[in-house]
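Here are a few notes for someone opening this structure for the first time. They cover one strand, the loop after it and one pair of helices.

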Amino acid sequence: MFSPEDFSRIRPWVSWRARQVGIRIKGVKPVVEWSAARISDPVWRLRYLQAVAPRPHALSRVKPVPAIVVILLSVVGCGAIVAFRHKPVIMRAFAGGPAAPAARPVEVREAPRDVWLVEKTAAFESYSNGLRIENQYRAEGDNRSFMAYPLGALGSNAEPRSVPVGIVYHTTESLLAPFESSQNTVLKRVGESLLEYVRRRRCYHFLIDRFGRVFRIVDETSPAGHAGHSVWADGEYAYVNLNDSFLGISFEAQTGAGEAATAVEAHQVRAAAMLTEMLRRRYGIEAANCVTHAQVSVNPDNMRIGYHLDWASSFPFDRLGLPDNYIVPSPAIRLFGFSFDSDFEQRAGPRMSGNAAVAEDQVVQQAGAAHLAPELYRKSLRKLYRRLAQPAGTGAVAGDGVLAR
Ligand SMILES: [Zn+2]
């Protein structure tokens, strides 16, 4: 019916088509590897392998069927096998069928309930879930715009966006007085000084002070300089330099590396839960995109993760109605070839270090599947990062004006 050469040409499309119709093919791996070995350009080979990588969430639910059935289904809908004679055409064909590189699935929680604005004045807003936002320190900003990069065609077919897609949680790492009634005057003075500072530098969208009060610093329609050089990805898209794509919420607090207990007051956590609920509801933000600064921060100078490490551990995801996103292996390592060192292991603690090691293993496996040495494969990933990070990656990217470690 087909020569081996023809089969190798249609096989990638068959794999993609099978995922579209929810069918798992037996014995895909040997054919995919065999096909990949025939793509001489390492970058195209890498992108090919990323495009045909299995999607664990979707595939685990469907019953396998013989490959020949899928081939017949595919050929009916194909009609242009000749198109696969050229690798660029192959990649354009994959652009509509993204396949997420392997990441451990996170627990799915219910979507946030309805939250509506109850009252609004020049000084504050109140919401139906008990949230109150103070606007006295609000600052003007520029319009938000950014690119979302589909995982199945990373580096091409970027989609322009203007609505925030995620939240990055921070701590201010600022000076803290004891939380006691005798320190009330000091607590207020320190808090006001901090608010003035973050407003001048437009550090975050929201700040939650020691008393659990929520202050809007920068409008959600504008970027804030909270994340700096950073990377994150959900099941469908990757995002680079999150100042423009994610909202920044900071706690007036300090977090220590590897600490088990949450180092913020319970009322600050309650305020963050109400704020998160409102923002997720208003902007349709996925739970998988609610993460901490330590999870997303990178250093392009040495290509290592963890330049900032606020909330490297002990972020109370469950108390904010979120799944434990700490279990997600670093997208910066998986997608863009960043690495980590023993210094990161010491400062970030065992949990994030363990997941960074998992991400490293995934890179080595992907390199093996691409028949490339890990270093060469990593070099391709880094090249892709640098391309996507421009122009922001070539200059100063604002990030965490308070936190300086
Ligand atoms: Zn931070």
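1. Y169 of strand β8 stands opposite I249 in β13. This is a predicted model. The two strands run parallel and are joined by 6 bridges, with β13 spanning residues 246-251.

2. β8 also pairs with strand β14, residues 290-292. Here 3 bridges make the connection, and the strands again run parallel. In this pairing V168 stands opposite V291 of β14.

3. How many residues of β8 are buried? The count is 6 of 6, and the strand is described as mostly covered. Both of its faces are covered: G166, V168 and H170 lie on one side, while I167, Y169 and T171 lie on the other.

4. S174 is located in the loop that links β8 (166-171) to helix α7 (184-201). Is S174 buried or exposed? Its relative accessibility is 12%, and buried means under 20%, so S174 counts as buried. The S174 side chain makes a polar contact with the side chain of T172, at 2.6 Å.

5. A separate point concerns helices α12 (residues 350-369) and α13 (residues 374-389), whose axes come within 9 Å and cross at roughly 105°. The crossing angle therefore makes α12 roughly perpendicular to α13.

6. Which residues form the contact between these helices? On the α12 side they are E360, V363, V364, Q366 and A367, and these meet P374, Y377, R378 and L381 of α13. By type, the residues of this contact divide into 6 nonpolar, 1 polar and 2 charged.

Conventions:
Residues numbered from 1 in each chain as written. Predicted model: local features only at pLDDT ≥ 70, side-chain atom pairs only at ≥ 80, totals over all residues. Heavy atoms only, no water. Helix = DSSP H or I, 4+ residues; strand = E, 2+ residues; numbered from the N terminus. Buried < 20%, exposed > 50% of the residue type's maximum accessible area, 1.4 Å probe, protein only. Polar contact = N/O pair within 3.5 Å; in protein donor to acceptor, adjacent residues only side chain to side chain. Axes fitted to C-alpha atoms, helices over the stretch in contact; angles between N-to-C directions. Parallel < 35°, antiparallel > 145°, perpendicular 65-115°, else oblique. Contact = heavy atoms within 4.5 Å. Nonpolar A, V, L, I, M, F, W, Y, C, P; charged D, E, K, R; others polar. Pairing = 2+ DSSP bridges.
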